[in-house]
Amino acid sequence: MTPHSNPLNSIEAPSTDATRLGPDHEATHFLAKGAVEQPRKTVDAFVEIFLRKLNMGQGVMLSRSTVNDQYLALAKTVRDYMMADWLETGSRRRADKTKVIGYLSAEYLLGRQLDNALLATELEKIAREALDQCGIDIGSLRSQEVEPGLGNGGLGRLAACFVDSLATMDVPCVGYGIRYEYGIFKQTFVDNRQVELPDSWLSLGNPWEFPHPERAVQVDFGGRTERYTDDTGRERTRWVPDWNVQGIPYHYMVPGYRNEVVNTLRLWSARATHDFDLQIFNAGDYAQAVRAQTFAENISKVLYPEDSTPQGRELRLQQQYFFVACSLHDYIEHTMEPGFDVRDLPNRVSFQLNDTHPVIAIPELMRILVDLKGLDWDEAWDITSRCFAYTCHTLLPEALEVWPTALLERLLPRHLEIIYRINEDFLTQVREQFPDDELLLRRMSIVADHPERAVRMAYLATVAATKVNGVAELQSQLLRDKVLPDFSRMWPEKFTNVTNGVTPRRFIRQANPKLSGLITEALGGEEWVTDLDRLRGLEPFADDPAFRARFRDVKRKNKIRLIKALKVRDGIELPEDAMLDVMVKRLHEYKRQTLKLLHVVSLYEGVLSGRIDPDQLVPRTFVFGAKAAPGYYMAKEIMFLINSVAETINADDRVQDKLTVAFPANYNVTFAEVLIPAADLSEQISLAGKEASGTGNMKFALNGALTIGTDDGANVEIRKLVGDDNFFLFGMSEPEVAARQEQGYVPSDCYREDETLRHTIDLIASGHFTRGDRQVAAPVVDDLLYRDRFMTLADFRSYVDVQSAVDLAYADQDEWSRKAILNVARTGYFSSDRSMVDYLERIWNLGD
């Protein structure tokens, strides 16, 4: 029995136990690095530090330690190996006084940290051997780590990829965000419906963070403003807030890939300024005594509080202002050297606004410069308008945040005054450039009057930013032409594109070690991990039968790994010899999980009706993964229907091992790292013109899955790079979508005209998948037939026809492998390293 399997085992620590070590022994395992000792990269040194952490940090002997003790000791050991580089990087940055990227993002979907840190520090082999000496299986400790759910999907994962790339490229960067106590919810299913549980990711301790309460920042809310005359006789404004909280910074290390560079991610946690009233407590009112603490901590309690209520919307705005106020103050007062002249701020930092969530930072910087630093308005605006750049991640109008002025006036009265002044000055510019166009003024005004008086945050960001970028070629074009056309006409030079990317360290090298090994062998080295364009060197191997066979074997082994993981994780059993058809993404109507569901049901209905011989079906396993926002009714109904269809199909012997549907709960980065390498087919089927970019599409292609998709988001660029023969294109183009909407789209016409679609929807509507209850399926069916905002039915026929082409292609496994290899070889462009080069050159002006 190994030590980790029984906390009461009798195995004692090896002779290198830290309780038996003297100073002379200890010194042999460290190297001097500047003023900091760096541990030597040897098995003996690793064992020594691990046992020291276990004994002195956890307060236990190895023989009495739990799995959690061992995981925490291991994490802190790996952390020690990064520490000298972290301190050295910070010291070098301060000495160089180079321009820093302040990445402001409400989300960071980091994934587990242990494997990433082991990979970055080149400690994988040493850690495994060291733990073997202690009788510990490192795999059991990996599974002990709880992934921090600090993001909702692609936005947060992108932020994590970007800070990884910037560290790997040795670009000065501080990531700023919120340390949500519970993060995104933990998803489970009860009676096929999503149930949200708290994600208690901090409950067993988090060894990857460093709290610094001594660097707390006070953040004010509410109150009023008042005019006064300062000592020089200038008329000034000050904010008199009603209440405030403290922001406590927690620092995380962001290691570059094997380059001795470690950047910083700084996440803020809210705490009451006065969190406990002893007099009230002694009077017996215990709840009231801690009311301030509870109220303050709500701000960083949960990622994206449900905002269908006024209280929820107010809490969201509190969160957004809280983290940007903390971040700006931290950078100006703590990161910059004493005596720093704020007039030089644009030369020392570029704040990147990752979508509209942090845009309230713009009036906050103006408040700091005008109210606190004493600059006049024009000088402050000149500085502010050179400090920010804005990334727009959406084309959906409802996703472009709008805050009612009444809420801003109640919560941030000074900021509303500043926004009004910014808007007044901006509209003066518009009048000068486009005189006598009152409608244009109304369209471009940062403050909208209808349907309620509100601040359009995307407009505010566009006015203040040096650059505005979309995240894929098509989306950037639509952003200019359809979302912000008046602004792009006024400032065409502001608008640019930076196509998203993903880090190859986590999503190939770490997630897919077997494919990584094959690539490294073929290319003659691991340089591709930091230069993904080198994947082009795989193209000749696509025509090598032996290499194709080895590539198929990698995919098969990855499927087996997934099947084992799902059985343990969810109790789900999948067949080995089936095409793995995967659709994993946030559940939203525009992403069209319903279209995938209609395809699944059409195949099943064909078997029931005799239209399809089950023996002629290409075996397929359909895997869905998604979370729905707690208040998003239709998304939850779609999710319920998918689970109901899965339950019915999986129980029907007529399609056993031919059609299998799985919807494992709680899809996250950790599960993605197992699922993506196993996938054969990647479903990227949003309505053309609605998806900003997508990054899942990139991860799947880089791991050897073929894509079926519309010409939407980054699909357009993937298709161009891999070639039409290696991509399954279907559906209307964005201009065709616009034209059909203009003509007047009637979804029930598609239902009447397509027999397969009609039988498919009728089977769902009949209650076949809902135990005879027609009513529970009605919300989705009625929405498809009478609303279908994202034109699912219009693209159905094209989609199922192309899916038939997928079946034919998959039947020739050798040719499928050739196509898959070409997908890997031709998608190196989608590295987040390349994205960062584009930001550096096009936006931050830090290119070579």
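# Notebook: a walk from serine 327 outwards

**Entry 1: a serine inside.** I started at serine 327, which lies in helix H11, residues 310-335. I am working with a predicted model. Is serine 327 buried or exposed? Its relative accessible area is 0%, and buried means under 20%, so serine 327 counts as buried. I then looked up what it touches, leaving out residues up to four places away in sequence, and found Leu104, Tyr176 and Trp268.

**Entry 2: following those contacts to strand S4.** Tyr176 took me to S4, which covers residues 173-178. Six of its six residues are buried, so the strand is largely enclosed by the rest of the structure. I checked each face in turn: Cys173, Gly175 and Gly177 are buried on one side, and Val174, Tyr176 and Ile178 are buried on the other.

Which strands pair with S4? Strand S3 (residues 100-104) pairs with S4 in the parallel sense over four bridges. Strand S12 (residues 262-272) also runs parallel to S4, joined to it by five bridges. I was pleased to meet familiar residues here: leucine 104 has tyrosine 176 as its bridge partner in S4, and isoleucine 178 has tryptophan 268 as its partner in S12.

**Entry 3: the cores.** Next I looked for nonpolar cores. In soluble globular proteins, nonpolar side chains tend to be buried together. The largest core here has 162 residues, and Phe322 and Phe426 touch the most other members. Helix H11 gives the most to this core, with 11 residues. I also listed what Phe322 touches beyond four places in sequence; among them are Val219, Phe221, Val245, Trp268 and Ile299. A second, separate core holds 104 residues, including Leu597, Val600, Met634 and Leu822.

**Entry 4: two helices crossing.** I turned to helix H24 (residues 593-609) and helix H31 (residues 755-765), which pack at an angle of about 90° with their axes 9 Å apart. That makes H24 roughly perpendicular to H31. On the H24 side the contact includes Leu598, Val601 and Tyr604, and on the H31 side it includes Leu757, Ile761 and Ile764. What kinds of residues make up the contact of H24 with H31? They divide into eight nonpolar, four polar and one charged.

**Entry 5: an open sheet.** I traced an open sheet of six strands in the order S22-S21-S20-S23-S24-S25, with parallel pairing. S22 (659-662) and S25 (728-729) stand at the edges with a single partner strand each, so one side of each is left without a neighbour in the sheet. Further in, S20 (residues 579-584) and S21 (residues 620-625) run parallel and are joined by six bridges. There I found valine 582 opposite valine 623 of S21. Helix H34 (residues 813-826) lies across S23, S24 and S25, running at about 85° to S24.

**Entry 6: unusual backbone spots.** Most residues other than glycine have a negative phi, and most peptide bonds are trans. I looked for exceptions. The bond from histidine 450 to proline 451 is cis, with omega near 0°, and proline 451 sits in the loop between strands S16 and S17.

Arginine 258 has a positive phi, near 55°, and glutamate 260 has one near 60°. Where are they? Arginine 258 is in the loop between S11 and S12, and so is glutamate 260. Arginine 258 counts as partly exposed, at 28% relative accessibility, whereas glutamate 260, at 51%, counts as exposed.

How values were computed
Residues numbered from 1 in each chain as written. Predicted model: local features only at pLDDT ≥ 70, side-chain atom pairs only at ≥ 80, totals over all residues. Heavy atoms only, no water. Buried < 20%, exposed > 50% of the residue type's maximum accessible area, 1.4 Å probe, protein only. Contact = heavy atoms within 4.5 Å. Pairing = 2+ DSSP bridges. Core = buried A, V, L, I, M, F, W, Y, C linked by side-chain atoms within 4.5 Å. Axes fitted to C-alpha atoms, helices over the stretch in contact; angles between N-to-C directions. Parallel < 35°, antiparallel > 145°, perpendicular 65-115°, else oblique. Nonpolar A, V, L, I, M, F, W, Y, C, P; charged D, E, K, R; others polar.
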